Amino acid sequence: MPNLAVIGTQWGDEGKGKIVDILARDADVVVRFQGGSNAGHTVVTQRGTFVFHLMPSGILYRGTLCVIGNGVVVDPAALIEELDHLQGKGVRIGKNFAVSERAHLILPYHKAIEKATEQSKGSRRIGTTGRGIGPSYADKMARIGIRVGDLLNPALFRRKLEENLVEINWFMERLYKVEAYELEKVFQQYMAHAERLKDYIADTSVLVNKAIERGDS
């Protein structure tokens, strides 16, 4: 059976990253299919210790294509930080890495909403990481989320961001009593992220289906 799925059933910390690392040695493609930068997978090799938050750990193996799929919510700043860290440790990242254009973005207001909501719960807090994972998925379900592929179209990204901030800023100021977000500031910040990530953004459904047709593992 060429395709394997690793799924956690213990609410985290089951050792998924280590299992994926073992399987990735013989895999042509490794795909991250959900979650966000709240994850933490530590892999120890002869080259050193590597901690992964968004990047599939298969990136350590040459010839393996690593994909962040459309079910993942992507914090571009966190991804860029991880890319810089891995490349600084000698890991080659180029055509062996792709991010789905359909994956949804985590924006600064997602983190703010999560932190403010958590604080308002008092003793009923759930211990969220505050990295905006839940609110980003909520926007995806509400069909107002902004996708990674939107970064490649500045006018479209700006329009979607502007529309979302009308409602978001109302909640931030009136409900949570925190400062609103400036459209231009967030826009410029994410255009800088787009410049760094543009070469990795792709229609990963095509990449994965072609790999399956070839019989890749």
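This dialogue goes through the sheet, the core, the largest pocket and one residue of a predicted model.

Visitor: What should be known before reading the model?
Guide: The model is predicted: local features need pLDDT of at least 70, side-chain atom pairs count only at pLDDT 80 or more, and totals for chains, interfaces and linings use all residues. Residues are numbered from 1 along each chain as its sequence is written, and side-chain values use heavy atoms, with hydrogens and water left out.

Visitor: In what order do the four strands of the open sheet stand?
Guide: Strands of a sheet pair through backbone hydrogen bonds, either parallel or antiparallel. Here the order is 1-4-6-8, with parallel pairing. Strands are DSSP runs of E with at least two residues, helices are runs of H or I with at least four, and both are numbered from the N terminus. Two strands pair if DSSP finds at least two bridges between them. Strand 1 and strand 4 have four bridges, and Val-30 stands opposite Cys-66 in strand 4.

Visitor: Which strands stand at the edges?
Guide: Strand 1 (29–32) and strand 8 (201–202) do; each has a single partner strand, so one side of each is left without a neighbour in the sheet.

Visitor: Which residues touch the most other members of the largest nonpolar core?
Guide: In soluble globular proteins, nonpolar side chains tend to be buried together. A nonpolar core is a set of buried Ala, Val, Leu, Ile, Met, Phe, Trp, Tyr and Cys residues joined through side-chain atoms within 4.5 Å. Buried means under 20% relative accessible area, exposed over 50%, and partly exposed in between (1.4 Å probe, protein chains only). The largest core has 41 residues, and those touching the most other members are Ile-59, Leu-79, Ile-93, Phe-97, Leu-107, Phe-157 and Leu-161. Helix 6 gives the most to this core, with six residues.

Visitor: With which residues is Ile-93 in contact, leaving aside neighbours within four places in sequence?
Guide: Contact means heavy atoms within 4.5 Å. The partners of Ile-93 are Met-55, Ile-59, Leu-83, Leu-86, Gln-87 and Tyr-200.

Visitor: Which element gives the most to the lining of the largest pocket?
Guide: A pocket is an open set of points on a 1 Å grid over the protein atoms alone where a 1.4 Å probe fits, with protein on both sides within 12 Å along at least five of seven lines; lining residues have an atom within 4 Å of a point. Helix 1 gives the most to the lining, with six residues.

Visitor: Is Ala-5 buried or exposed?
Guide: Ala-5 counts as exposed because its relative accessibility is 65%. Ala-5 lies in the segment before helix 1 (16–24).
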